[in-house]
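Trainee: I should like to practise reading a structure with you. May we look at it together?

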Amino acid sequence: MTTTLPPRTTARPTEASVAERAPRPRRSPERIAAVLTLGALVVLAIAALIEIDISVPRMIESWSNAERFFVRVGAITFPEPAELVALTAQTLGLVLTGTLLAAVLSVPLAYLAASNTSPGNAWRGLARFLGVLARAVPDVVLAMVFVLMFSLGSLPGILAIGIHSVGMISKMFADAIEQVDEGPRLAIRAAGGTKFQEFTAGVLPQVLPSWVATVLHRNDINLRGSVILGYVGVAGLGLEMSYAFKSLDYGRGLGIAIVIFALCVAMEIISGSVRAAMLGSAHTGSSPIDRLLRRIRPTRSPRQPAAIRASTPESALRRPWTPARVRNTAAGVIAAVAVVAAVLVSDIRWADFATFWARVPAVAVQFWPPSFGSYDAATMVEAMRETVVIALAAALLTVVASVVVGSLAARNVAPNGTARGAFRLLLVTVRGIPELILAIVLIVISGLGTQAGTIALAVGGIGLLGKLIADSLEEVNSGPERALTATGASRLQVYAGATVPQASRAMLGHTFYLLDTNIRAATLLGIVGGGGIGYYLLNSSQGSNYATVTAIVLMILVTVLIVEGLAMWMRRVFR
């Protein structure tokens with residue numbers, strides 16, 4: 001008797017079963033909340049832009065206002081050459097000295113604010129709060145306080161620039177520390193090194209290039225911001241320009257504005273050259289100094305390997321002057337000379353430090369307790385809301401334009417070197433235009449209000465965000481880009497599939513930084529009629545209603561704290 005067995009089947013997983021067993025990405029509630037928050041911010045920015053109602057046809061129609069203005073201006077005049085040189089030197093001196101002060105103060109604050117070096121959460125929270133506080137208080141308010149303490153001159157401007165810049169520099173320093181490779185620091189700790197040795201040998205060498213770039217970038221920002229300080233009595237080109245406009249000498253005022261613009265562009269170009277000289281570039285030996293040294297220095301014989309040369313007693317006792325060593329030494333000497341010269345031309349009255357203490361109680365009483373004075377709370381809250389609307393609308397315009405301009409300015413995205421150079425030049429030129437001067441021109445054309453402030457912020461922001469986006473795109477890992485290119489992907493596919501995804505986190509952080517910057521800048525533009533809370537800030541300061549100034553600063557502080565909290569949360573969620 002034979003038994004018939006059922007046919008044997010081979011168990012093969014079906015497509016559905018494979019899909020069911022495949023690991024699925026985890027969608028945490030926090031990540032979903034972060035995505036929804038980003039969407040809500042985009043919707044708010046669009047609503048803000050609609051509310052401001054920027055109309056290009058109306059601006060074109062109002063061009064006749066500009067024509068009548070320039071007819072009244074007449075010939076553009078400049079200060080006498082000797083006076084112009086003195087004013088320029090004084091302005092550059094106070095900007096450089098203030099930036100140096102901020103860089104020095106930011107190092108310990110960044111150490112405490114970084115999560116991987118801070119001794120505890122309490123220290124980290126305190127350091128982050130101090131940084132936000134320094135960013136939230138506009139430098140013009142700090143200058144106003146220091147003018148009351150130290151009288152007119154360069155010192156109020158130096159202290160105002162220095163303390164306000166600590167907010168940005170310490171934040172960038174701390175972010176750079178958090179992104180270091182932990183290997184060297186942990187190795188030093190395992191070998192018994194102290195906390196100081198961990199920082200100086202394991203962290204500092206990694207973050208130094210980023211720190212140098214941050215300080216140079218902040219110096220450019222401070223030069224543009226020094227214009228507004230002249231409106232509260234800080235000596236320099238900004239003060240002379242404010243005198244000229246207040247006395248209706250528009251020809252002289254525009255002449256000084258042109259000088260400031262030329263200085264800003266020149267400083268941008270010099271800063272870029274210094275960064276290239278000190279830090280090199282993405283490709284070894286491609287900086288201008290390296291190329292020059294290759295032309296003037298003889299090439300060593302290839303028959304003698306570098307390892308053999310390094311092992312000789314002569315090479316051990318005498319370090320060779322390699323291009324990198326020459327570059328770093330030259331940059332160090334130039335930096336030292338620039339610092340000494342800046343302090344000398346700043347004309348600091350050192351005796352004021354011994355006498356200002358007596359004025360502190362009288363000045364403090366004028367600023368505390370905070371009060372809205374003759375303004376009602378609803379008016380001030382509405383003015384603050386208008387400032388936030390301007391900042392959001394300008395940020396939306398800036399992001400849209402900067403993604404295009406910044407991408408085409410990136411080495412790994414631009415179609416060729418000519419296009420990259422043209423867009424980099426465009427970014428440098430735009431960054432060189434102080435937002436205050438641009439706002440004044442737009443106000444002349446379109447009249448007072450939020451429209452002029454929004455456009456001025458948007459144009460000025462393209463120079464900042466476009467550069468940050470370009471740098472972030474250039475710093476991505478080239479491996480995924482090469483892999484997609486090898487599969488036959490187009491340039492656009494490589495950009496969308498490899499370049500942008502790697503830089504998206506940095507670009508998100510830069511956007512929040514732009515929004516943070518816009519809130520403070522919108523406040524300052526209100527001083528010249530750009531709308532928002534700045535109008536009340538100027539009136540309160542001119543009327544010596546300093547308690548109202550404090551109330552306005554507290555409103556700005558709360559707003560900036562909210563933006564900073566959102567930015568920190570987004571960085572953590574999308575890490």
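Trainee: Is E382 buried, partly exposed or exposed?

Mentor: This is a predicted model, and its computed relative accessibility for E382 is 39%. Buried means under 20% and exposed means over 50%. The value for E382 therefore makes the residue partly exposed.

Trainee: With which residue does the side chain of E382 meet in a salt bridge?

Mentor: An α-helix has 3.6 residues a turn, so residues three or four places apart point the same way. E382 and its partner are three residues apart in helix α19, and therefore about one helical turn separates them. Their side chains meet at 3.1 Å, N to O, and the partner is R385.

Trainee: Which residue of helix α2 pairs with R385, and how many residues apart in sequence are the parts that this pair ties together?

Mentor: R385 is partly exposed, at 37% relative accessible area. Its side chain also forms a salt bridge with that of E51, at 2.8 Å, N to O. E51 lies in helix α2 and R385 in helix α19, so the pair ties together parts whose separation in sequence is 334 residues.

Trainee: Which helix holds R252, the salt-bridge partner of E83?

Mentor: The side chains of E83 and R252 meet at 3.3 Å, N to O. This pair links distant parts of the chain, 169 residues apart: E83 belongs to helix α5, and R252 to helix α12.

Trainee: At which residue does α5 bend?

Mentor: Helix α5 covers residues 81–113 and reaches 46 Å, close to the expected 48 Å. A proline, P108, follows the bend within four residues. The bend is about 35°, and its position is S106.

Note on methods: Residues numbered from 1 in each chain as written. Predicted model: local features only at pLDDT ≥ 70, side-chain atom pairs only at ≥ 80, totals over all residues. Heavy atoms only, no water. Helix = DSSP H or I, 4+ residues; strand = E, 2+ residues; numbered from the N terminus. Expected span 1.5 Å × (residues − 1). Bend = angle between axes of the 7 residues up to and from the residue. Salt bridge = Lys/Arg side-chain N within 4 Å of Asp/Glu carboxyl O. Buried < 20%, exposed > 50% of the residue type's maximum accessible area, 1.4 Å probe, protein only.
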